[in-house]
Amino acid sequence: MPSPCDHGFAGYRMQKEYVHKIEDVFRVGDTRVSLDSLVYLFREGMSAESMVESYPALTFEQVHRALAFYLGNQKEIDRYLAEGQRVAQLQHEQSRRANAKLIAKLQRARHASQIPG
């Protein structure tokens, strides 16, 4: 049985890579869309059709192949996502500490500008 990638050419298989790791970020195809984005939507139960609507740079095929990549490498990708969340939380906490005075000043200004009642 010929592969769906054969396209009728004897001995010729066209293979596409649907997920690339570029600068420590998994990207879908040749786009700037991260695999993370699709995985979080997938976990929320969003359909592939809705993902294509949300990310017009992606094709239906790219979304399905990226999700297949995730499911085939789920443990590794879940570790990658957990590490990304850990780093983001750490950076958020560091930013809040480093900018505590500015944040307090902005909160005072917001409070002072609110119209009572």
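Start with Arg 27 and its company: setting aside neighbours within four places in sequence, Arg 27 touches Tyr 18, Val 19, His 20 and Ile 22 on one stretch of numbering, plus Arg 32, Val 33, Ser 34 and Leu 35 on another. Keep in mind that this is a predicted model. Arg 27 sits in strand 2, which covers residues 25-28. So is there a partner for its charge, and where is the nearest one? That would be Glu 23, whose side chain is 6.7 Å away. Arg 27 is buried, then, but has no salt bridge, since a salt bridge would need a side-chain nitrogen within 4 Å of a carboxyl oxygen.

Now step back to the whole chain. Walking from the N terminus, you pass β-β-α-α-α-α-α, which comes to 2 strands and 5 helices. Of the 117 residues, 24% are buried. The accessible surface is about 9000 Å², and carbon and sulfur atoms account for 54% of that. As for contacts between residues at least 6 apart in sequence, 42% link residues at least 24 apart.

What holds the most contacts inside the largest nonpolar core? Leu 35, Leu 38, Val 63 and Ile 77 do, in a core of 18 residues. Strand 2 supplies at least two of the core residues, and so does each of helix 1 (35-43), helix 2 (48-54), helix 3 (60-72) and helix 4 (74-98).

Take Ile 77 as a way in: beyond its neighbours within four places in sequence, Ile 77 is in contact with Phe 26, Leu 35, Phe 69 and Tyr 70. Leu 35 is a familiar name here, as Arg 27 contacts Leu 35 too.

Note on methods:
Residues are numbered from 1 along each chain as its sequence is written. This is a predicted model: local features need pLDDT of at least 70, side-chain atom pairs count only at pLDDT 80 or more; totals for chains, interfaces and linings use all residues. Side-chain values use heavy atoms; hydrogens and water are left out. Helices (H or I, at least four residues) and strands (E, at least two) are DSSP runs, numbered from the N terminus. Buried means under 20% relative accessible area, exposed over 50%, partly exposed in between (1.4 Å probe, protein chains only). Contact means heavy atoms within 4.5 Å. Accessible areas come from the Shrake-Rupley method with a 1.4 Å probe; for residues, only the protein chains shown count as cover. Lys and Arg count as positive and Asp and Glu as negative; His and the chain ends are not counted. A nonpolar core is a set of buried Ala, Val, Leu, Ile, Met, Phe, Trp, Tyr and Cys residues joined through side-chain atoms within 4.5 Å.
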